[in-house]
Structure formats: C-alpha cells, structure tokens
Amino acid sequence: MEILNAIVVFLNFVFIPAAAYGAQLALGALGVTLIYGILRFSNFAHGDTMAFGTAITILLTWGLQTIGISLGPLPTALLALPFAIALCAVALLATDRAVYRFYRRKKSDPIILVMASVGVMFVMNGVTRLLIGVDEIRFDDGARFVIDVRSFREWSGLSEGLALRSTQVITLVVAVLVVWALFWFLNKTRSGKAMRAYSDNEDLALLSGIDPERVVRLTWIIAAGLATIAGTMYGLDKAFKPFNYFQLLLPIFAAAIVGGLGSPVGAIAGGFIVAFSEVAVTYPWKRVAEYLGFDTGSAMLQLLSTEYKFAVSFVILIIVLLFRPTGLFRGKSV
Amino acid sequence: MSDSDPFGGRGHRDASIVNMKGRGQIDGTRRSGPVGEGRAGDPFLIGENMTGGYGKGPDILHDCTIAVEQGEIAVIVGPNGAGKSTAMKALFGMLNLREGSVRLNGRDITELNPQDRVKAGMGFVPQVNNIFPSMTVEENLEMGAYIRDDDIRQTMEQVYELFPAVADKRKQAAGELSGGQRQQVAVSRALMTKPSLLMLDEPTAGVSPIVMDELFDRIIAIARGGLPVLMVEQNAKQAMNIADKAYVLVQGANAHTGTGKELMENEEVRRTFLGG
C-alpha cells in the first residue's frame, strides 16, 4: 500500500507533468533542429515564434468562442490550431523574404544568420506583445480532467490522489501524431527526401534538380507548424505568457543539443531528458521517501528551488558540450 | 565569406549555433540565358577557346579547347594546378567564361547555369562531396533521378547491375561506405538522370590501386554502352591507356592533344609529364 502511494505521488507530481513538458520541449526542439540541419543556423527566434503562433491561436480561439463554436470536451484551441499554423507560416515566410533570403543569396556565413535571428527574435517578441499583451492568459476550455484526484481516491482506496489533466493527454497524443507525421514526411515523401538531401549537401542537391528556395520554404512552413503546436500545447497545459516563451528557448536549445543538433530523434530524446531532469531536480521528494519508509526529518529532499530550474538546462548543456559535443544521437555538429 | 568578415571567422567554429556541413558553393540563384544554335560538324560536346576564371578573379583558363565525341572516353590530364578541374567546371557552367563557348549535342549552352546543364543531359560527378552521406544508397539514387518524372526502377536496376557492390548496400547510409564504394555511388547517382554525357572529376582520387582499376573498368563499360565520358585524372598513365582522346593542359592552356596512345608515345609528354 505504501509503495503504491509512493508510485502514485511519483506519477502525479513527476512523471505525468514531466512527460507533458518533455513532449512540448521535444516539439520545440524539433523545430530548432530542423532549421539548424537544413537552413544551417540556430534560430534564436524560435521561442518567440512559438509565442507568436500561440497568440494567434488564442485570438482565433476567442473568435470561435464568441460565435459559439466549441469542441465539446476538447479545448476550442485545437480547432483554431490549423488556421494559426497557416498564419504563423505566412509570417515566417514573410520574415524569410524580408531578412534571411538576403543573406542566403549573398552566401553569408551562418553566424550572420544567427545574429539576424536574434534581431528577428526581438521584433517578434514586440509584435506578440502588441498583439495580445504581456499578461498571463489561460485559454483551455472543455473538460479539465481525464482522471481527477477525488474519483481516483474513491476508486483505488489510496490516501494519495492522482490527477491526469486532459491537456496533458492531448499534448502527448498530439506530439506522437506530429512526430509520426514529420518522420513519415522526411523519410518517405519526395519533398521530405529533397529536404534531407539539401541538408546533406547543398550543391549536389542543386545539381540533382532540387529547388533550394522550395526546400527553404517547406522548412519554414514545417517549423511554423512545430512552433505553433508546441506553443499551444504549452499554453494549454500551463498558461500563455510571452516572457515564459522567450525563456523556453534555453531548455529547447538544451534539448536539441543534448540529442545532437540536426538529429530529429535526438531532439525528441533531448526534450524528455531535459524535462525529466528539470522536474526531478526541482521536486521535493520528501513524500515519496516517506512512503518508501525513509525518515527524512525536516528535509524536503528538494535539490533546487523551482526558481532555479533553468540552471538544470544550463548544467545539462555544459556537460553535454564538454563530454559529448555531438549529442547523444550524433547530429551534424562535430 | 562574401561579407567583409566582421568576426574574423571565429563564429564558424561554434558548431552549436552554426552548421557548416554540406554548405553550398554554387550560386543557385543565377538564371540561365537563352540556348543558341550549335555549329555544323561539332563534336558531341565542345568547349571551344574557353577563357575565364572564378568570379571576378584572374583568368585560369586561356583559350582552352576540350571536345568529346559520341561514344568516346576523353581525359584531361596535366600537372598540379594546370586547370584540369577548372576546365571541367567551365564546361559545366561553374565559372564565368569571358570568351569562348560550350556546345552540347548541337546546341550552344554557354549561357546555361549548372542546374539547367544537368537537365540538358550533362551528368556531373564532383571530385569531393559527391554523395548525400546520411541518406541510404537507394535514396542517393532516387535523388539523382529527382528531375525525372517517369519510372526510374529500370535505370536503377541497370545501375545496380553495373555496380554490384552498390546494390548490396542499397539500404545502408552512403556515408558509411568505403571510399571506392562512395565513388561508385557518386557515379551511379549521376547515371540516374539518364545523361547523354558523363563528366567525372578525378573519380579515383584517394582510392587504392585495386579499386582504381575496378573503377576504370566500370567507366570503360559505361563508355562501351554508348555514353560518352569526359574525365579529369591525376593518374595520367592509366587514364591515357583507356582514353580515346587525351588533353594535356599546362597553365590553363592546351599543351598536347591526341589519342591516348599518341601522347603516351610522344617524347616530350613522357619526359615532362609522365616521368620517363
């Protein structure tokens, strides 16, 4: 019984939240890793692209709610999501036209594109705030729980409760679908293979008749999709606040680098590694330990207070860059 | 590169923010000009009186002429820095010709960019970076046939027949293969476009002598199948042995031209270039 209680506490406070957060990071890291692999620079604007895409989703969700459309138990945001992705893709394509294409034509060094993306980050940051404000916004509607604490307690007879929020389930389901679709696209379709070919060897891709500008456009569209979905999932699960999305850039880059920049599988693994470490390090393990029969006294068994959670990403980043700079799945960076 | 180098190149070394692998050199934005008429009595491919260099740099080729007849193997040989690869790149549209013209199969293609020359029937195998390393052998071949809309399976079977070693590794990533096998994949990829002419830039660079002989065998087989081959080679003796026509370049200009046999017997070529 005590062991079961320990497991339930672990699932409720560590495993489920970390799995959902990991899926969100993985989706974000996939976008970063895709742009790194194909467009050859680290896109620092990705966090703010997520914020921008989510802001559009929220505005569309409000619009749908006003005209009385909802998805019943599911959040209305899911209905708004495809339209938001389309609008976000348009924004990214416009940015590419206005900023990145100039440097690409000049064959500028990738480091210059990195710096340009920092500029784009600030602009997008401002645009998002002008669009929707700086406050925290919650936009999840529909059923809140798949399993709630009280009914779980009554059903199981345990003293600890387990909550499984619908947004957590949705995040995981959507993440699995998106990852499956992305891998299918990259490995099975002609356009996806063309993107991989361009990532491997630009000149040979050009000489094989692959249109580089089309590959670039496809990459931005996919990146917009991944960013908007990741941002919306994060917003549904927690809350939308532009500044938090800007800060998400760090764990997302940590995830992409841990997995190996340029490796999609790595990005997913990295997302979960960073999320689980972050949650595990900042969670007070006292209750789990007590159920397992350890007397912890007054110690909370919390390694780091939650305010310092970003330190976890930093430490993971440093360790990986020191000991395995190619990442776990051997990306393009050596 | 083209910028005024504000960071002294330091940013290139941080692979955690920039991806320098597989970056392109060719300007893919250059548009093709019109295709002109060829001249009567032209060989299948001829680059005539080519003079030019890279970008705005100095001329590397000086009044250089290279031609390939239908069904023949032509080789370009010469000492280091003679402009062998440059001559081939000039034929392929990768440098600015200030004078001269390139004519293929009865058409003047001087104004075409490299992409469009591939569509016009040129199959080009670069010296290095000539495969997609993270993609499987089969995917490499598929990418070679990217411009084709018809059924590619037959061509693929033909290529696999020509290179059985490649066929055995079709599901393996091309970057994991040995040097010789990679070259075979590179040639196979170029053959997938069904070119009317195959251009090889030092196909045997950095492979062992046994593998080199095998590659030459395959190249002869390709030429005997009716596909004209133009090849730049470091290993002059072996190359001249199989060549129907050989061009010896010195400092970007034609020094000697003739059949492989003639040049092998030419006293001056032997003394200055083949080493006795």
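Chain B of this predicted model has a mean pLDDT of 89, and 97% of its residues reach 70 or more. Confidence within the chain varies by element: the lowest mean in chain B belongs to helix 10, and the highest to helix 3. The two elements are set out below.

| Element of chain B | Residues | Mean pLDDT |
|---|---|---|
| Helix 10 (lowest) | 267–274 | 80 |
| Helix 3 (highest) | 137–144 | 96 |

As a general caution, predicted coordinates should not be read in detail where pLDDT is low. For the complex as a whole, the predictor reports an ipTM of 0.90 and a pTM of 0.92.

**Contact between the chains**

At the interface, 37 residues of chain B are in contact with 37 residues of chain A. On the chain B side, helix 2 (114–119) and helix 3 each contribute at least two residues to the surface that touches chain A. Sorted by class, this side of chain B comprises 16 nonpolar, 15 polar and six charged residues. Helix 3 of chain B, one of the contributors to this side, is also the element with the highest confidence in chain B.

**The surroundings of Gly22(A)**

In chain A, Gly22(A) lies in helix 1, which spans residues 2–38. Gly22(A) is classed as buried because 28 C-beta neighbours lie inside 10 Å, where the cut-off for burial is 20 or more. Leaving aside residues up to four places away in sequence, Gly22(A) touches Gly271(A), Phe272(A), Ala275(A) and Phe276(A). Gly225(A) is separated from Gly22(A) by 203 residues in sequence, and the C-alpha to C-alpha distance between them is 18 Å.

Terms used
Residues are numbered from 1 along each chain as its sequence is written. Chains are lettered from A and ligands numbered from 1 in the order in which they are written. This is a predicted model: local features need pLDDT of at least 70, side-chain atom pairs count only at pLDDT 80 or more; totals for chains, interfaces and linings use all residues. pLDDT is the predictor's confidence in each residue, from 0 to 100. Helices (H or I, at least four residues) and strands (E, at least two) are DSSP runs, numbered from the N terminus. A residue is buried if 20 or more other C-beta atoms lie within 10 Å of its own, exposed if 12 or fewer, and partly exposed in between; C-beta atoms are placed from the backbone. Two residues are in contact if their C-beta atoms, placed from the backbone, lie within 7 Å. Ala, Val, Leu, Ile, Met, Phe, Trp, Tyr, Cys and Pro count as nonpolar, Asp, Glu, Lys and Arg as charged, and the others, Gly among them, as polar.
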